[in-house]
Amino acid sequence: MKRAIVAIVALVALAAAAAAGDVFVPNNTLPSSTGCNNYPFNPSYGEWRYQLIVPPTLLGGVPIEITDVSFAPCQTVTFSATTFEMTMSHTTLPTPSSTYALNLPSPVVVIPAGPLTWQRTAHTWSTLRLATPFQYNGMDSLTIEVRYQGGSITGATSSTDNQTSSSSLNYYRVYRSGTGAYLATTASSVTLTGALMVRLTYSDIQIYGSGQPSIGKVITLVLRSPTEGGLPYQAGTSLGTGPIVIGQRRLGLSLDDLLVVTVEGRLPAVFQQYAGLLDAAGLAQAKIAIPNSPALVGVRLHSAFLTLGAGSPFGIKSISNTFSFTVMR
């Protein structure tokens with residue numbers, strides 16, 4: 001069975017989608033005709049660089065893999081840009097800076113720079129699919145940056161979005177518009193008076209780790225899929241992140257010898273509890289007992305897991321994100 005799972009993951013076009021959830025910032029109450037703002041989706045200024053700074057209190061306080069970002073327009077329009085880019089980063093600044101880079105200390109480009117055409121429907125969540133999911137750590141504030149050049153719309157005179165005006169949420173926006181904004185390094189405004197409402201879609205199935213990643217120590221892998229309590233799981237670890245392309249999705253592991261070893265359970269003293277059942281809350285733990293060998297220092301390990309379900313295509317229901325660490329002395 002385990003060998004079959006490895007073969008399926010590597011070779012089969014999988015049709016099943018992972019379970020997903022949503023975080024609404026700050027909520028899912030969209031006004032029908034009021035509380036709208038045209039920052040940054042008003043292309044009459046030509047170009048924009050705009051940042052939303054979202055505090056952890058609005059993000060649920062748990063690690064999530066963000067796969068989609070949605071805004072709720074107040075008008076039905078088609079928004080286009082000759083160059084559009086979205087970037088995300090954790091930030092620990094108590095108050096955002098007018099210097100963009102300080103709000104993006106570890107930038108991850110989630111939508112690479114390129115042309116965009118985006119159909120937006122009034123008062124519904126209109127989604128932008130991320131090319132690269134973002135691994136939110138559950139602790140820090142989140143910066144979401146949108147910037148574009150050559151913006152235009154059809155269907156209305158301006159493109160506006162629902163916003164919140166509550167300053168009590170500490171929900172900032174940082175922006176500049178007009179010629180040169182796309183490559184600007186500093187913003188013209190940092191404000192707490194209002195910010196766009198956002199929906200963040202995340203994968204419900206997650207893996208994250210705790211412990212000291214040193215030789216002779218143990219890393220605990222927390223496996224989480226809250227909608228799939230009681231299902232069997234299978235974890236795996238490899239030396240690379242692949243990816244292994246599986247239909248429209250990707251598994252962030254490499255099909256190498258280590259993956260086969262861990263899935264087949266050949267080193268149970270090192271890779272522990274790599275197969276079993278999720279508990280009623282959709283949780284389980286696996287462990288990596290790192291051997292006390294100096295030769296392992298500097299080795300980078302990558303782990304993920306699958307859930308299995310009868311009736312799912314090929315018996316595989318969901319695929320997690322990838323948790324990575326480097327072995328230290």
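A salt bridge here is a side-chain nitrogen of Lys or Arg within 4 Å of a carboxyl oxygen of Asp or Glu. The model is predicted.

**Exercise 1. Salt bridges**

Task: Decide whether Arg 120 and Asp 161 are bridged or unbridged, and say which strands the pair ties together.

Solution.
- Step 1. Take the closest N and O atoms of Arg 120 and Asp 161: they are 2.7 Å apart.
- Step 2. Apply the cut-off of 4 Å. Arg 120 forms a salt bridge with Asp 161.
- Step 3. Place the residues. Arg 120 lies in strand β6 (residues 108-120) and Asp 161 in strand β10, so the bridge ties together parts 41 residues apart in sequence.
- Step 4. Check burial. Arg 120 and Asp 161 are buried.

Task: Do likewise for Arg 199 and Asp 22.

Solution.
- Step 1. The closest N and O atoms are 4.0 Å apart, and Arg 199 forms a salt bridge with Asp 22.
- Step 2. Arg 199 sits in strand β14 and Asp 22 in strand β1 (residues 20-25), so this pair joins parts 177 residues apart in sequence.
- Step 3. Arg 199 has a relative accessible area of 17%, so it is buried. Asp 22 is at 35%, so it counts as partly exposed.

Task: How many salt bridges does a search of the whole structure find?

Solution.
- Step 1. The search finds 6.
- Step 2. One of the salt bridges joins the side chains of Glu 264 and Arg 266, at 2.6 Å from N to O. Arg 266 is partly exposed, at 48% relative accessible area.

**Exercise 2. A sheet and a disulfide**

Task: Find the strand order of the open sheet of 3 strands, then trace Cys 36 out of it.

Solution.
- Step 1. The order is β2-β10-β13, and the pairing is antiparallel.
- Step 2. β2 (36-37) and β13 (195-196) are the edge strands, each pairing on one side only.
- Step 3. β2 pairs with β10 (residues 161-164) over 2 bridges. Cys 36 stands opposite Asn 162 in β10.
- Step 4. Cys 36 also forms a disulfide with Cys 74, with the sulfur atoms 1.8 Å apart. The structure holds 1 disulfide.
- Step 5. The pair links distant parts of the chain: Cys 36 in β2, and Cys 74 in the loop between β4 (64-71) and β5 (77-91), 38 residues apart.
- Step 6. Get the handedness. The S-S torsion of Cys 36 and Cys 74 is about -90°, so the disulfide is left-handed.
- Step 7. Compare exposure. Cys 36 is partly exposed at 29% relative accessibility, whereas Cys 74 is buried at 12%.

**Exercise 3. Two buried strand residues**

Task: What surrounds Thr 143, and what does Val 198 touch?

Solution.
- Step 1. Thr 143 lies in strand β8 (residues 141-149). Its relative accessible area is 0%, so it is buried.
- Step 2. Beyond four places in sequence, its contacts include Gln 51, Leu 52, Ile 53, Met 88 and Asn 103.
- Step 3. The contact with Asn 103 has a polar part: the backbone oxygen of Asn 103 lies 2.7 Å from a polar atom of the Thr 143 side chain.
- Step 4. Val 198 lies in strand β14 (residues 198-203). Val 198 is buried too, at 1%.
- Step 5. Among the residues that Val 198 touches are Val 23, Val 25, Leu 52, Phe 71, Trp 125 and Tyr 171.

**Exercise 4. A helix and its end**

Task: Which residues of helix α3 (residues 257-264) are buried?

Solution.
- Step 1. The buried residues are Leu 258, Leu 259, Val 261, Thr 262 and Val 263.
- Step 2. Just after α3, Gly 265 takes a positive phi of about 70°.

Conventions: Residues are numbered from 1 along each chain as its sequence is written. This is a predicted model: local features need pLDDT of at least 70, side-chain atom pairs count only at pLDDT 80 or more; totals for chains, interfaces and linings use all residues. Side-chain values use heavy atoms; hydrogens and water are left out. Two strands pair if DSSP finds at least two bridges between them. Helices (H or I, at least four residues) and strands (E, at least two) are DSSP runs, numbered from the N terminus. A disulfide is a pair of cysteine sulfur atoms within 2.5 Å. Buried means under 20% relative accessible area, exposed over 50%, partly exposed in between (1.4 Å probe, protein chains only). Contact means heavy atoms within 4.5 Å. A polar contact is a pair of N or O atoms within 3.5 Å; within protein, one must be able to donate a hydrogen and the other to accept it, and residues adjacent in sequence count only if both atoms are side-chain atoms.
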